[in-house]
Amino acid sequence: MRRAIYPGSFDPVTNGHLDVIDRARKLFDEVIVGVAHNDQKQPLFSLEERLELLRTTIGEADHVQVAPLDGLLVDFAVQQNAIAVVRGLRAVSDFEFEFQMALMNRKLEARVETIFLMPKEEYTYLSSRIVKEIARLGGDISAFVPPRVAEAFREKREQ
Ligand code: ADP
């Protein structure tokens, strides 16, 4: 059983994340999407909301699970018997941070390999941060996120 963890904030999940999940599914028997608490980043959607949005979107997709992720990523990976961490690389700007994280994680736990997947070109400019910015300013985000996420933004506005 070759299992991978795809960690992130997913605040909220975008079509770019879904593209990476789809690619990872083809390489591994099981992918666990690990949703970080990430209080430091002050997420717009609570952990519960982010988990729900991912679960609703992914639905019954084979071999994909969604789980909260607390503590050290490599500890979680070992606990889950995962052999790899999957990260998405969009542009050179992602590289420096990702490079540092991958090497640090290897130092902490040499058994877990980090692999990088590139999304479809049309998603390389897409991030949760930019989607939140567009939504905040009243723009149309429906091309960038799954329908349930667009609806969640509408619900937030009405709150
Ligand atoms: P984090 O806070 O860990 O960066 P994100 O939810 O922003 O969490 O991203 C999780 C992972 O998904 C990261 O590896 C990020 O580079 C990747 N990612 C985010 N958006 C995209 C996208 N549009 N295309 C490919 N990978 C992406």
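This is a short tour of a predicted model, going from the ligand and its surroundings to threonine 56.

Start with the ligand. Select it together with the pocket around it: the ligand sits in the largest pocket. The elements that contribute two or more residues each to the shell are β1 (3–8), α1 (15–27) and β4 (84–88).

Next, show the shell as sticks. There are 16 residues around the ligand, and the ones that come nearest are Tyr6, Ser9, Lys41, Gly88 and Leu126. Colour the shell by residue class, and it divides into 7 nonpolar, 5 polar and 4 charged residues.

Now go through the polar contacts.

- Select glycine 88: one of its backbone N or O atoms lies 2.7 Å from an oxygen atom of the ligand.
- Select arginine 87: an N or O atom in its side chain is 3.1 Å from an oxygen atom of the ligand.
- Select arginine 90: here a side-chain N or O atom is 3.2 Å from a nitrogen atom of the ligand.

With these contacts on screen, switch on the surface. On its own the ligand has 540 Å² of accessible area, and the protein covers 90% of that.

Leave the ligand and select helix α2, residues 47–58, which contains threonine 56. Is threonine 56 buried, partly exposed or exposed? Its relative accessible area is 42%, so threonine 56 counts as partly exposed.

Add glutamate 52 to the selection. A polar atom of the threonine 56 side chain lies 2.7 Å from the backbone oxygen of glutamate 52.

Finally, select proline 146. Its C-alpha is 9.7 Å from that of threonine 56, although the two residues are 90 apart in sequence.

Note on methods: Residues numbered from 1 in each chain as written. Predicted model: local features only at pLDDT ≥ 70, side-chain atom pairs only at ≥ 80, totals over all residues. Heavy atoms only, no water. Helix = DSSP H or I, 4+ residues; strand = E, 2+ residues; numbered from the N terminus. Buried < 20%, exposed > 50% of the residue type's maximum accessible area, 1.4 Å probe, protein only. Polar contact = N/O pair within 3.5 Å; in protein donor to acceptor, adjacent residues only side chain to side chain. Near = heavy atom within 4 Å. Areas by Shrake-Rupley, 256 points an atom, 1.4 Å probe, with all protein chains shown as cover. 1 Å grid on protein atoms, 1.4 Å probe; cavity = no way out; pocket = protein on both sides within 12 Å on 5 of 7 lines; lining within 4 Å. Sits in = over half its atoms within 2 Å of the grid points. Nonpolar A, V, L, I, M, F, W, Y, C, P; charged D, E, K, R; others polar.
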